[in-house]
Amino acid sequence: MATIEECLDALDRLAENLAGAGGELRSAAAPDRSLSCHVTDLDVTFVGHLRDGHIKEVRTVPGTPEQRAEIGLEMTGDDLVALVDGKLNFARAWASGRVKLKAGLRDVLRLRAIL
């Protein structure tokens with residue numbers, strides 16, 4: 001089971017990947033959206049903002065936050081790390097229910113490009 005520190009590290013690596021992205025990936029990450037990732041096995045949620053190709057203002061909240069983010073993810077810590085490492089395919093994980101996503105259709109398509 002991934003730790004909170006490993007999950008934060010995965011989010012940091014995702015932010016670095018977004019910051020260094022170009023072309024279509026960069027445009028997919030460009031919109032300003034609130035973002036949350038609930039890690040079910042740790043019962044914590046990482047909340048922040050996806051802005052200008054960066055994940056900013058990331059903080060850890062116990063449980064699930066009261067206010068829903070525009071893009072909400074839910075998965076285990078191991079799946080978060082595997083997604084960022086490229087070992088877990090986002091579309092397959094989402095289709096099988098390993099990753100739950102609450103977002104508008106346009107954001108879903110953008111997120112698929114990012115992950």
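For the pocket tallies below, Ala, Val, Leu, Ile, Met, Phe, Trp, Tyr, Cys and Pro count as nonpolar, Asp, Glu, Lys and Arg as charged, and the others, Gly among them, as polar.

**View 1. The largest pocket and what lines it in this predicted model.** By that sorting, the lining splits into 7 nonpolar, 9 polar and 6 charged residues. The pocket takes in about 470 Å³ of space. Its lining runs to 22 residues, and S36, P65, Q67, R68 and A69 sit nearest the centre. Strands do a fair share of the work here: β1 (33-39), β2 (44-51), β3 (54-62), β4 (71-75) and β5 (100-102) each put at least two residues into the lining.

**View 2. Strand β2 and its two partners, β1 and β3.** β1 and β2 run antiparallel, joined by 7 bridges. They make a hairpin with 4 residues in between, and D43 in that turn shows a positive phi of about 50 degrees. V39 faces V44 of β2. On to the next pairing: β2 and β3 are also antiparallel, over 7 bridges, with R51 partnered by H54 in β3. β2 is mostly covered, as 6 of its 8 residues are buried.

**View 3. R13 caught between two aspartates, D9 and D85.** With D9, R13 makes a salt bridge whose closest N and O atoms are 3.1 Å apart. These two are 4 residues apart in helix α1 (residues 4-19), so about one helical turn separates them. The contact to D85 is a salt bridge too, at 2.2 Å from N to O. That pair links distant parts of the chain, with D85 in helix α3 and R13 in helix α1, 72 residues apart. R13 is partly exposed at 24% relative accessibility, as are D9 at 39% and D85 at 36%. Shared partners join D9, R13 and D85 into one network.

**View 4. The salt bridge between R98 and D79.** The closest N and O atoms of this pair are 2.5 Å apart. R98 comes from the loop between α4 (90-96) and β5, and D79 from helix α3, so the contact ties together parts 19 residues apart in sequence. So which of the two is buried, and which partly exposed? D79 is buried, because its relative accessible area is 8% and buried means under 20%; R98, at 43%, counts as partly exposed. In total, the structure holds 3 salt bridges.

**View 5. Where confidence peaks and dips.** Mean pLDDT for the protein is 83, with 80% of residues at 70 or more. Helix α3 (residues 77-85) has the highest confidence, at 94, and helix α2 (residues 23-28) the lowest, at a mean of 51. Where pLDDT is low, don't read the predicted coordinates in detail.

Notes:
Residues numbered from 1 in each chain as written. Predicted model: local features only at pLDDT ≥ 70, side-chain atom pairs only at ≥ 80, totals over all residues. Heavy atoms only, no water. 1 Å grid on protein atoms, 1.4 Å probe; cavity = no way out; pocket = protein on both sides within 12 Å on 5 of 7 lines; lining within 4 Å. Points joined across faces, edges and corners; volume = space filled by probe spheres on them. Buried < 20%, exposed > 50% of the residue type's maximum accessible area, 1.4 Å probe, protein only. Pairing = 2+ DSSP bridges. pLDDT = per-residue confidence, 0-100. Salt bridge = Lys/Arg side-chain N within 4 Å of Asp/Glu carboxyl O.
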